[in-house]
Amino acid sequence: KGVEHMSLLTWERYSSLHDIVSEDKFDKAEKQAECAIRNVMGVIHYTNWIADNPNLTNEIYYEQLLDCICNVINYIATVGAKAGQGVSSVSNDGYSESYVLQTQSQATNELQKNIRLWLSGTGLVRAY
């Protein structure tokens, strides 16, 4: 298609409820959040539900989806940012480096669990 993807969540909506991410970082954070949600839902499933749905704003799960995006943005900005900060020094014993990777994958797993929780009851994510 090549059509520029419209963000589901607007800065106005986010900033009326949250203040963790600043406006200049919002677009990137919003895309990351949608990407994380898409990974949990599955790309095809996500595309069918979200991208190809002209009546998205009328869906009963729409508000919950927007709230979930807000939650993911905040999670990535707080927990996710911390998880990646151990890379500053890599010692020769390899312990530091593997510890960082471990905390990042733990953060990813936790985020994916949270996304399922935040979207529970919407039918958007399959239960695991």
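**Close-up views of a predicted model**

**View 1. Glu 63 meets Arg 13 in a salt bridge, with 2.8 Å between their closest N and O atoms.** This close-up, like the others here, shows a predicted model. Glu 63 belongs to helix α4 (residues 62-83) and Arg 13 to helix α1 (residues 11-17), so their contact ties together parts that are 50 residues apart in sequence. Neither partner is hidden from view: Glu 63 is partly exposed at 44% relative accessibility, and Arg 13 is partly exposed with a relative accessible area of 22%.

**View 2. Arg 13 also forms a salt bridge with Asp 67, at 3.1 Å from N to O.** Here again helix α4, which holds Asp 67, is joined to helix α1, which holds Arg 13, so this pair ties together parts that are 54 residues apart in sequence. Asp 67 has a relative accessible area of 35% and is therefore partly exposed. Put the two views together and you have a network of salt bridges linking Arg 13, Glu 63 and Asp 67. The structure holds two salt bridges. As a friendly reminder, side chains of opposite charge can pair when their charged atoms come close.

**View 3. Four acidic residues, Glu 12, Glu 23, Asp 24 and Asp 27, gather in a surface patch of negative charge.** Helix α2 (residues 23-41) supplies the largest share of this patch, with three residues. Take Asp 27 as an example: it sits in helix α2, and its relative accessibility of 47% makes it partly exposed.

**View 4. Trp 11 and Tyr 14 form one of the four aromatic pairs in the structure.** Their ring centres are 6.0 Å apart and their planes meet at 35°, so the pair counts as tilted. Along helix α1, Trp 11 and Tyr 14 are three residues apart, about one helical turn. Both Trp 11 and Tyr 14 are buried. Ring pairs also bring in Phe 26, giving a cluster of Trp 11, Tyr 14 and Phe 26.

**View 5. Trp 49 and Tyr 61 make an edge-to-face ring pair.** The ring centres of Trp 49 and Tyr 61 lie 5.2 Å apart, and the pair is edge-to-face because the planes are at 65°. Trp 49 is in helix α3 (residues 43-51), while Tyr 61 is in the loop between α3 and α4, so the pair ties together parts that are 12 residues apart in sequence. As for surroundings, Trp 49 is partly exposed at 26% relative accessibility, whereas Tyr 61 is buried at 3%.

Terms used
Residues are numbered from 1 along each chain as its sequence is written. This is a predicted model: local features need pLDDT of at least 70, side-chain atom pairs count only at pLDDT 80 or more; totals for chains, interfaces and linings use all residues. Side-chain values use heavy atoms; hydrogens and water are left out. Patches are made of residues with over 30% relative accessible area and no salt bridge: like charges are joined within 9 Å, nonpolar side chains (Val, Leu, Ile, Met, Phe, Trp, Tyr) within 5 Å. Accessible areas come from the Shrake-Rupley method with a 1.4 Å probe; for residues, only the protein chains shown count as cover. A salt bridge is a side-chain nitrogen of Lys or Arg within 4 Å of a carboxyl oxygen of Asp or Glu. Lys and Arg count as positive and Asp and Glu as negative; His and the chain ends are not counted. The place of a charge is taken as NZ of Lys, CZ of Arg, CG of Asp or CD of Glu. Helices (H or I, at least four residues) and strands (E, at least two) are DSSP runs, numbered from the N terminus. Buried means under 20% relative accessible area, exposed over 50%, partly exposed in between (1.4 Å probe, protein chains only). Rings of Phe, Tyr and Trp (its six-membered ring) pair if their centres lie within 6.5 Å; planes under 30 degrees apart count as stacked, over 60 as edge-to-face and the rest as tilted.
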